[in-house]
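Here's a walk through a two-chain model, going from how the copies sit together down to single residues. Have the viewer open as you read.

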Number of protein chains: 2
Amino acid sequence: MDLSLSDIKRDLLSGKPIVIFDFKGREEETDMVYYGGAVTWESINTLRKEAGGLICYVTGEDEAQEMGLNFLTEEWKSHPVYSRLIKKPAYGDYPSFTIWVNHIETGTGISDSDRAKTIRELHNLVQMYDGTKMNHFLNNFYAPGHVPILASRGLENRKGHTELVTTLADKLGLPRSMVIAEMLDNGKALNVEKAKYYSMSRGLKFIRGEDILKGL
Amino acid sequence: MDLSLSDIKRDLLSGKPIVIFDFKGREEETDMVYYGGAVTWESINTLRKEAGGLICYVTGEDEAQEMGLNFLTEEWKSHPVYSRLIKKPAYGDYPSFTIWVNHIETGTGISDSDRAKTIRELHNLVQMYDGTKMNHFLNNFYAPGHVPILASRGLENRKGHTELVTTLADKLGLPRSMVIAEMLDNGKALNVEKAKYYSMSRGLKFIRGEDILKGL
């Protein structure tokens with residue numbers, strides 16, 4: 001496996017996506033991944049046209065808490081109705097969704113430019129001083145919106161793309177601020193071999209969950 | 001305007017999408033719209049490739065309530081933190097989002113087939129006897145998932161695509177069970193003239209919000 005951390009970091013910082021497969025026997029899905037600080041409307045355009053899944057913003061659990069956010073599965077634990085909707089998906093882990101937001105300076109929130117704006121502002125927020133994050137977040141975003149915020153429980157607790165990309169950010173010395181979308185094929189998830197071929201043909205780094213677990 | 005209700009109904013029932021522009025001065029967005037009862041994985045594939053926006057399931061407020069659902073803006077009114085995120089978007093109406101779900105018999109919930117399964121099961125649910133909807137919903141779906149459920153407040157209260165498509169369903173004598181996604185262009189919403197041209201070239205009915213307000 002020809003993977004160097006500095007090459008991956010250079011790609012991400014320059015606004016080039018990388019491609020990450022989780023694990024055999026888990027979701028078996030491949031996500032296209034951008035660094036939050038390098039996202040432009042063109043990145044969103046690529047994510048929706050080339051990947052096709054849900055375009056999500058990913059940060060750490062600590063960062064999310066500092067913004068005032070909680071996992072929906074936690075939030076709904078004592079809800080009279082929604083608590084009954086909390087179930088483990090087929091792949092065995094609780095989802096990492098918190099809530100869906102738009103930045104207040106967006107139009108409808110869904111265009112490539114709007115989603116890029118929301119994500120860039122989330123990225124700026126994640127790097128703010130802890131004590132100011134929540135107020136800034138609550139004043140400058142609204143919900144429900146069109147960008148889901150996922151929070152990482154850490155790879156020791158969950159082995160999803162959310163945790164893989166925040167672990168990778170840690171290793172690269174970047175803030176936990178990533179954007180992911182599942183790569184889809186007609187009808188189903190894109191097969192891992194096709195994802196590898198796609199990555200190779202576009203010159204994108206292809207990384208497996210195992211590589212990140214092993215420390216690359 | 002060459003629009004007959006029976007032609008529109010025939011298209012929708014046969015699994016062909018229609019195209020709806022809201023209003024000048026509002027979102028000014030065009031949505032691609034399918035009937036919930038005719039959705040297949042190919043419809044989801046078309047929505048993500050040709051429309052590109054958020055693929056949402058739309059039903060009425062009554063149907064949503066019978067399922068146990070509430071608008072998130074209502075749900076969060078007394079939330080210590082999230083209440084501060086409730087703000088009106090630029091186009092002036094509160095969002096019509098309730099929650100995001102997957103059917104329990106899906107894989108990860110995001111593939112074309114998984115989203116079509118979730119939507120078909122929501123469609124079956126909407127037509128059930130009122131008294132059984134909630135239990136069936138809470139037992140057979142989980143949240144948070146990948147299909148947002150929008151609920152219509154009625155065109156007298158909100159002039160969005162959510163309300164336009166449920167009003168249209170009423171006029172057509174169909175259950176309030178529709179699937180919508182915004183049509184996007186590079187960077188921004190698809191211009192209404194381009195949306196008209198697209199519809200014409202694909203033989204899809206193009207409808208304006210005004211047409212629905214006027215009773216078609």
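Before looking at the sheets, one bit of vocabulary: two strands count as paired if DSSP finds at least two bridges between them. Keep in mind, too, that this is a predicted model.

## The sheet in chain B

With that in hand, chain B has an open sheet of seven strands with mixed pairing, in the order E4-E5-E3-E6-E2-E1-E7. Its edges are strand E4 (97-103) and strand E7 (206-208) of chain B, and each has a single partner strand, so one side of each is left without a neighbour in the sheet. On average, neighbouring strands here are turned by 40° against each other, direction ignored.

At the E7 end, strand E1 (residues 18-21) of chain B and E7(B) run parallel and are joined by three bridges. Within that pairing, Phe21(B) has Arg208(B) in E7(B) as its bridge partner. Two helices are worth finding on this sheet. Helix H2 (residues 41-51) of chain B packs on it by touching strand E2 (30-35) and strand E6 (178-182) of chain B, and its direction makes about 175° with that of E2(B). Helix H7 (residues 161-172) of chain B also packs on the sheet, touching E1, E2, strand E3 (56-60), strand E5 (141-152) and E6 of chain B, with its direction at about 145° to that of E6(B).

## The sheet in chain A

Now switch to chain A. Here an open sheet of seven strands runs in the order E4-E5-E3-E6-E2-E1-E7, again with mixed pairing. Strand E4 (97-103) and strand E7 (206-208) of chain A stand at the edges with a single partner strand each, so each has one side without a neighbour in the sheet.

Strand E1 (residues 18-21) of chain A is parallel to E7(A), with three bridges between them. Look for Ile20(A), which stands opposite Ile207(A) in E7(A). Helix H2 (residues 41-51) of chain A packs on the sheet through contacts with strand E2 (30-35) and strand E6 (178-182) of chain A, its direction making about 175° with that of E2(A). Helix H8 (residues 192-202) of chain A lies across E1, E2 and E7 of chain A, and runs at about 165° to E1(A).

## Helix H7 of chain A

How far apart are the end C-alpha atoms of helix H7 (residues 161-172) of chain A? They are 16 Å apart, which agrees with the 16 Å that its twelve residues should span at 1.5 Å a residue.

H7(A) is mostly covered, with nine of its twelve residues buried. Among the buried ones are His161(A), Glu163(A), Leu164(A), Val165(A) and Leu168(A). The cover over the buried residues includes E1, E2, strand E3 (56-60), E5, E6 and helix H9 (209-213) of chain A. Just past the helix, Gly173(A) takes a positive phi of about 70°.

## Edge strand E4 and Ile99

E4(A) is mostly covered too: seven of its seven residues are buried. It pairs with E5(A) in the antiparallel sense over five bridges, and Trp100(A) stands opposite Pro148(A) in E5(A).

Is Ile99(A), a residue of strand E4 of chain A, buried or exposed? It counts as buried, because it has 25 C-beta neighbours inside 10 Å and the cut-off for buried is 20 or more. Leaving out residues up to four places away in sequence, Ile99(A) touches Leu69(A), Ala143(A), Pro144(A) and Ile149(A), as well as Tyr82(B) from the other chain. The C-alpha atoms of Ile99(A) and His79(A), 20 residues apart along the chain, are separated by 16 Å.

## How the two chains meet

A rotation of 180° with 0.0 Å of shift along its axis superposes chain A on chain B, with an RMSD of 0.0 Å. That is the relation of a two-fold axis. In chain A, the C-alpha nearest the axis belongs to Lys49(A), at 3.3 Å from it.

The contact takes 43 residues from chain A and 43 residues from chain B. On the chain A side, the elements giving two or more residues are H2, E4, helix H5 (112-126) and strand E5 (141-152). E5(A) supplies the largest share, five residues. By type, the chain A side divides into 22 nonpolar, 13 polar and eight charged residues. Of the interface residues of chain A, 100% are also interface residues in chain B, so the copies meet through the same surface.

Technical notes. Residues numbered from 1 in each chain as written. Chains lettered and ligands numbered in written order. Predicted model: local features only at pLDDT ≥ 70, side-chain atom pairs only at ≥ 80, totals over all residues. Least-squares fit on C-alpha atoms with pLDDT ≥ 70 in both. Contact = placed C-beta atoms within 7 Å. Helix = DSSP H or I, 4+ residues; strand = E, 2+ residues; numbered from the N terminus. Axes fitted to C-alpha atoms, helices over the stretch in contact; angles between N-to-C directions. Nonpolar A, V, L, I, M, F, W, Y, C, P; charged D, E, K, R; others polar. Expected span 1.5 Å × (residues − 1).
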